[in-house]
Amino acid sequence: MGFSSEWLDLRAPADARARDKGLVGGLAAWLEKFDPEGDGPLLVDLGAGTGATIDAVGRYAPEFTRWRLVDNDPDLLAEAARRHPTAETVRADLATADLKDLLADADIVTATAFFDLVSADWLDRLVAAMPEKAGLYTALTFDGTMRWSAEDGSPAPDDSAVAGAFIAHMTRDKGFGPALGAAAGAQLAARMAGSGRGFADARSPWLLEAPRDAALMAALADGIASAVREVNIGGLQIDPTAWRAAATGGAEIGHLDLLALRV
């Protein structure tokens, strides 16, 4: 799967369908409180890729909203700058960067499909680095739900076992320490509640079906099968071959969106 611009573009339609519109609307309404004669609110997008969060939120946000896109991939940042020429782009390794410096003037911290990659310790660092005034909006954090079906609608063979192995694989270190994986949404909500910010969350599942999502499902299933084979090296013996051959009819991949604001 990776994080190439091709993969990000492939998943973009499913992301757009899944993203909770109520939370996007709540964020847009909160941004409207800013004075249009001032500098405008600053949204700092972490792991920004090609700027998917701007694509999703920008059409609803006030025109005077400012964006800072942060990523460690120069090719993705270059593409983000091409697609969103008014946004500021910053190259930074978020695993080691000074988060307090990156977020010093943020009004909202945003991220898309990012927080399931980080560790609990890194999440603590992020919350400590956020300005007191700042809120947080994040979308499409994997929640552990994964169900695949064959073309006849029946579950793909060994579907629950494959899902379990993939969830285990997600907790491997992605550069930030042991990843939170499917626990990320709940951990993030708990930290926002502990910080005194009011928050709301909502499920945002991918509901994929053939033939509409065939290319996305194929790329995703290939990545899942590869991940399961890597887990097998560690002693968990699940052969995903039959699962992969059958997993072509549809899929539900669960996510969680969250909006936390100072009120």
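# A tour of the predicted chain

Residues 24 or more positions apart account for 78% of the contacts in the chain with a separation of 6 or more, where contact means heavy atoms within 4.5 Å. The model is a predicted one, in which local features need pLDDT of at least 70 and side-chain atom pairs count only at pLDDT 80 or more, while totals for chains, interfaces and linings use all residues. Residues are numbered from 1 along each chain as its sequence is written, and side-chain values use heavy atoms, with hydrogens and water left out.

**The whole chain**

Start with the full chain in a cartoon view, where the secondary structure comes to 10 helices and 8 strands; these are DSSP runs, numbered from the N terminus, with helices being H or I of at least four residues and strands E of at least two. Along the principal axes, the C-alpha atoms fill a box of roughly 60 × 35 × 35 Å. The radius of gyration is 19 Å, which agrees with the value near 18 Å that a compact globule of 263 residues would have; the radius is taken over C-alpha atoms, and the globule rule is 2.2 Å times the number of residues to the power 0.38.

Switching to a surface, the accessible area comes to about 11400 Å², and 54% of that belongs to carbon and sulfur atoms, as computed by the Shrake-Rupley method with a 1.4 Å probe, only the protein chains shown counting as cover for residues. Of the 263 residues, 54% count as buried, a word that means under 20% relative accessible area, with exposed being over 50% and partly exposed in between (1.4 Å probe, protein chains only). Colouring by charge brings up 24 positive and 39 negative side chains, with the centres of the two sets 2 Å apart; Lys and Arg count as positive and Asp and Glu as negative, whereas His and the chain ends are not counted, and the place of a charge is NZ of Lys, CZ of Arg, CG of Asp or CD of Glu.

**The nonpolar cores**

Next, select Tyr137, Trp148, Trp206, Ile224 and Trp243, which have the most contacts inside the largest nonpolar core, a set of 53 residues. Helix α9, residues 214-233, gives the most to this core, with 9 residues. A second, separate core of 35 residues includes Leu46, Val70, Leu103 and Val118. Such a core is a set of buried Ala, Val, Leu, Ile, Met, Phe, Trp, Tyr and Cys residues joined through side-chain atoms within 4.5 Å. In soluble globular proteins, nonpolar side chains tend to be buried together.

Centre on Trp243 and show its surroundings: leaving out residues up to four places away in sequence, Trp243 touches Trp148, Ala156, Pro157, Asp158, Asp159, Val162, Ala221, Ile224 and Ala225. One of these partners, Asp158, lies in the loop between β5 and α7 (159-170) and has a positive phi of about 60 degrees although it is not a glycine.

**Helix α9 and the cis bond**

Move to Met217 in helix α9, which is buried because its relative accessible area is 2%. Beyond its neighbours within four places in sequence, Met217 is in contact with Trp148, Leu208, Glu209, Ala210, Thr248, Gly249, Gly250 and Ala251. The C-alpha atoms of Met217 and Thr248 are 7.0 Å apart in space, with their positions 31 residues apart in sequence. From Ala210, follow the backbone to Pro211, since the peptide bond joining the two is worth displaying: the bond is cis, with omega near 5 degrees. Pro211 sits in the loop between β7 (206-209) and α9.

**Around Asp116**

Now select Asp116, in the loop between β4 (108-112) and α6 (120-129), which counts as buried because its relative accessibility is 6%. Residues up to four places away in sequence aside, Asp116 touches Leu140, Thr141, Phe142, Met170, Ala179, Leu180, Gly181 and Ala184. Lys174, 58 residues away along the chain, has its C-alpha atom 9.6 Å from that of Asp116. Leu140 lies in strand β5, residues 135-149, and is buried at a relative accessible area of 1%; its phi is near 65 degrees, a positive value in a residue other than glycine.

**Towards the N terminus**

Finish with Gly26, in helix α2 (residues 21-31), which counts as partly exposed at 27% relative accessibility. Gly26 and Leu261 are 235 residues apart in sequence but 9.7 Å apart in space, C-alpha to C-alpha. Ser4, in the segment before α1 (5-18), is also partly exposed, at 31% relative accessibility.
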